[in-house]
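Me: Could you walk me through the words used to describe this fold? I'd like to see each one set against its definition.

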Amino acid sequence: MAESSDENNQFLADARAILNGAFPKGEGLVPGSVSTIALDPGLSWLELRFVQRLLERLTPPNGRNLVHEILSLGGFSTPGEWQNKMTATLRSLRRSYQGSRFQDLFEPPFHIANLAKAFEEEETRITTRALPVIRQAFETQIARTSPHGRPPDSPFLTRLAHLVETFRLAPIETEILSLAMLYFSQKSFSEIMDAVPHASRRGRCGLLERFVRFSSFPYPMVLNAVRQDGTLRRLGFLESDFEPDSDIFEFLYGVRSEPLSDRYFFAWKGAVLPLDRLMIAPADVETIRSVLANRQPGEGVNFLLGGPPGTGKTETVRSLARELGLVLYEVRASSSDNDENGSEGLIRMRGVWACQNLVGQGESAAILIDEADDLLGGRGGRLPFGLLMGGGGAVGKALLNETLDRTVCVQFWIANHLENIDPSTRRRFAFAIRYDRATAADRQSIWTTACERYDLTGVVPPEAQRRLAGVYAIDAGGIDSALRNIAHLQGLGWGRDRILTQLERLLEAQGRFAPGGKEPPPIDLRPEILVEPGALTIEPAADLGTVLEIIGDRSRPQGPGQGCGQRKGGAAGPSFSLLLYGPPGTGKTHLARYLAFRLGRPIHHRTAATILDKFVGGTEENIRRAFREAEREGAVLFFDEIDGLLQTRERASRSWEVTQVNELLSALESFQGLFVAATNHEAILDTAALRRFHFQLRFGPLGPAGVLTFYRTLLLPMAEGPFGRRSRANLGALHGLVPGDFAALRDRLILQGKGRVPHDQLIAALEARRDARRGRPSPGIGFLAPDRTTGATQPG
């Protein structure tokens, strides 16, 4: 065994030596062409070496087909040097075999079939003389193809040496891969291997036996090298039937001309964004710094960044690497979205190993593995099919964990889904950062950076950026795409308003494909349209007073929204929960936005339509995400139509209806902030959920003082003429009005743009809206316009 190992080590050393030679790669040949493969001297050299080894093991070889193929490869099938030497060697036996069935062997012309027959029938007097000549023929041919005792200049051997260096293949693995390449690509070699006797079993078992006959290693070592958990199979170099992977095949035969390293990874050298423009908390950056400072020489460390696409994870890693003085190498992503058998996953895992071996040895090296869901098992809780073949999930998990453990540099792994990563894999990460969908404040920062990149701040000023960030739930890539497609319009003479219109059309198109698309309309927090809660009809009044007292302990900023989104994390003032219930339009949303304004916090408005998901588990994930995003931004979380999520569990007919209630209650228990829920149907809410709310406030129609307050705040600025005693009396006579009547009428006035409207028309319109809401017939909802012929007023 020692001699065999020494021999194969020399074989490996010879192949590696080619790397240092001045071989003119592919000179005069087209890479990957039939002529390149057929004329490559390295293939002939390998073939001769392996058959020579077979001749040493089979003394003498038997089987007519085997000997026939060996003699053909050895140069005995055509007249010339070796036919003459064989004839001269056997001439002394001519008289002994006169009249026998072998007499044709000694008569010209020489036929290799006659000699093959003698080997088949084990005619020892003939075979013992012929075998040395056959061996000499192979030795001579090997010497001719490898002058000076080293392998020939060969594109194939050069690429093989690169492969060995890149993946640190052991000598036995190099030998088996070479055998497999020859068997599945060289007809002459496959015919010799198929003709080997005493290897009658079909399929992979028979092929494995034949490999052993040509190998310099014993059977147990060969068996271990091709096991499912061996490097050749784990990294997908060989398929289950020992056929080389097409990617390896194409590289070794030069079908792909790029260097092996370029096939798997590349060095990142682009521009990066400042870290303070990205969605990473300063505390997380400090933690990463501390882990790296604690790292010992030669010690690897893994970081995990996970969350929805478009949250800036990749940009964050690039910026981190630049900030920390690391040289970043990125493993190339899969080239196919259809990877049912996991082959692309195996190619990517090979890319990680190649990057680790070739460039990941330096102290300042860092590796980025982006879109790593399939490698980590986080997408749907499954590893690639190719990693699971034959050995179950433990085989894929073992490869992944070894890949994490074997690194001696810094590795950043990025995934979109983290829920189903195995615990044994999770604990191998020194630190993990979870990203949530970008909030309006996050998107505003993205807008600022992108507008600066395309020099569009003058076209899309900060106020427009703020509005677009609040309306369109588009990720960084979508924002960048929209701005890139309007970047040159100003130079073509387009005006600002026209460009902004086009920009919104592009964003609308992005929203059709983005999860979330367009956010619920942002809740208006302008103080001029906010009314003090005392104007609303809310019971118990004492509880409302307590809530306002708690909120009042927080100092209000100078203006609404100031400071919003500047903190990544933190509770929105005191942590408690409110349930607001009552008929539609009675001011529940108004109170929620008033509380957010008093706290100086943004408000995250969610409805059952934005939370419910058609996929199992999707609703629960949306609930968790809503609470995480609000807590991260320090926002007031407002769930409207909460009855769509918190119906009593006794009425549930499906298990997921129960789990979504449980999920919401669990999230509410741990939420650090103000949670406000509103419903028009409190009677159907889960009783256990009702107990979780610190305060429950009931809303009703406005009283006379409330009606006057809302009229003055929302409609009086749009009224024509003085608000006299008669108008006040008519307004006070209206009973059953709710804040929603005033808000809807105000919005209609703004939409119609009719200018100022007389008080009596405004009051009549309010009455009509109230009656329509109650289901009573009305003459119509509108305003009166003067008839041009009679001067009388007509419904408008």
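Reply: Happy to! Let's start with pairing: two strands pair if DSSP finds at least two bridges between them. Strands (E, at least two residues) and helices (H or I, at least four) are DSSP runs, numbered from the N terminus. This is a predicted model, where local features need pLDDT of at least 70, side-chain atom pairs count only at pLDDT 80 or more, and totals for chains, interfaces and linings use all residues. Residues are numbered from 1 along each chain as its sequence is written, and side-chain values use heavy atoms, with hydrogens and water left out.

Me: What makes the sheet with the order 7-12-8-11-10-9 an open sheet, and which strands stand at its edges?

Reply: This sheet has six strands with mixed pairing. Strand 7 (537-539) and strand 9 (603-606) have a single partner strand each, so one side of each is left without a neighbour in the sheet.

Me: How do you know that strand 10 and strand 11 are paired?

Reply: Three bridges join strand 10 (residues 636-639) to strand 11 (residues 674-679), and the definition asks for at least two, so they count as a pair. The two strands run parallel, and Phe639 stands opposite Ala677 in strand 11.

Me: What lies on this sheet, and at what angle?

Reply: Helix 28 (residues 588-599) packs on the sheet, touching strand 7, strand 8, strand 9, strand 10, strand 11 and strand 12. Touching here is contact, meaning heavy atoms within 4.5 Å. The direction of helix 28 makes about 170° with that of strand 11; axes are lines fitted to C-alpha atoms, for helices over the stretch in contact, and angles run from 0 to 180 degrees between N-to-C directions.

Me: Which residues of helix 6 are called buried, and why are they said to be on the same side?

Reply: In helix 6 (residues 112-120), the buried residues are Ile112, Leu115, Ala116, Ala118 and Phe119. They cover an arc of only 155° around the axis, which puts them on the same side of helix 6. The arc is that of the directions from the helix axis to the C-beta atoms, and buried means under 20% relative accessible area (1.4 Å probe, protein chains only), with exposed over 50% and partly exposed in between. Their cover includes helix 4 (64-73), helix 5 (81-90) and helix 7 (124-145).

Me: What makes a nonpolar core, and which residues touch the most other members of the largest one?

Reply: A nonpolar core is a set of buried Ala, Val, Leu, Ile, Met, Phe, Trp, Tyr and Cys residues joined through side-chain atoms within 4.5 Å. In the largest, with 103 residues, they are Leu115, Ile126, Phe167, Phe214 and Trp413. A second, separate core of 45 residues includes Val531, Phe576, Phe695 and Phe742.
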